[in-house]
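Student: I should like to examine one part of this structure closely, namely the loops with unusual backbone geometry. Could you please guide me through them and place them within the chain as a whole?

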Amino acid sequence: AKQHDVVAAIVAMVTNAMPDAQVSRGGSKPERAHPGGNVIIREGKPEETDVDLSPLTYHYSHPVPIEIFAPNRDTVVALLIGLGAAIEADRTLGGQVEFLEPETPDDNDVEALGVPDGRDVEVRVIATYSVVGSALR
């Protein structure tokens, strides 16, 4: 299905942009941060924004949450810069989407075992795409 292909393309982009981080699709937050950071990409839920009837085309806005957990602020900032550069370099994910846009990160201090100044940041990346024919095929 298109939504899974889009998330897979985002996972590949993030993995390439953050080579020192542990990147996963789904899963739980780590108890301890990996030195290069941990990145968890959630599936998100596509929202239908419009339908064209001829040809039958469904248009979607798909927010994909990306959680970044790192041992310190500098690592978080470096990971966010890498993510921003990767999105800027290819806003279509190699043609998978019409446009990719990150929202402003929401950061929270997190107390984790062994990581007193650990940082947890969530960025939602909005993928805009269309599917011709049946919805989300």
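**Two loops in the chain**

Tutor: In this predicted model, the order of elements along the sequence is α-β-β-β-β-α-β-β-β. That amounts to 2 helices and 7 strands. The chain has 137 residues, of which 42% count as buried. Among contacts with a separation of 6 or more, 61% are made by residues 24 or more positions apart. The accessible surface is about 7200 Å², and carbon and sulfur atoms contribute 50% of that area.

With this setting in place, let us turn to the backbone. Most peptide bonds are trans, and most residues other than glycine have a negative phi. Each of the two loops holds an exception to one of these rules.

The first part to inspect is the loop that runs between β3 (47-53) and β4 (56-70), where proline 55 is located. The peptide bond joining serine 54 to proline 55 is cis, with an omega of about -5 degrees.

The other part is the loop between α2 (73-89) and β5 (99-102), which contains leucine 93. Leucine 93 is not a glycine, yet its phi is positive, near 50 degrees. Is leucine 93 buried or exposed? The cut-off for buried is under 20% relative accessible area. Leucine 93 has a relative accessibility of 10%, and therefore it counts as buried.

To review, the loop between β3 and β4 holds proline 55, which is joined to serine 54 by a cis bond. The loop between α2 and β5 holds leucine 93, whose phi is positive.

How values were computed: Residues numbered from 1 in each chain as written. Predicted model: local features only at pLDDT ≥ 70, side-chain atom pairs only at ≥ 80, totals over all residues. Heavy atoms only, no water. Helix = DSSP H or I, 4+ residues; strand = E, 2+ residues; numbered from the N terminus. Buried < 20%, exposed > 50% of the residue type's maximum accessible area, 1.4 Å probe, protein only. Contact = heavy atoms within 4.5 Å. Areas by Shrake-Rupley, 256 points an atom, 1.4 Å probe, with all protein chains shown as cover.
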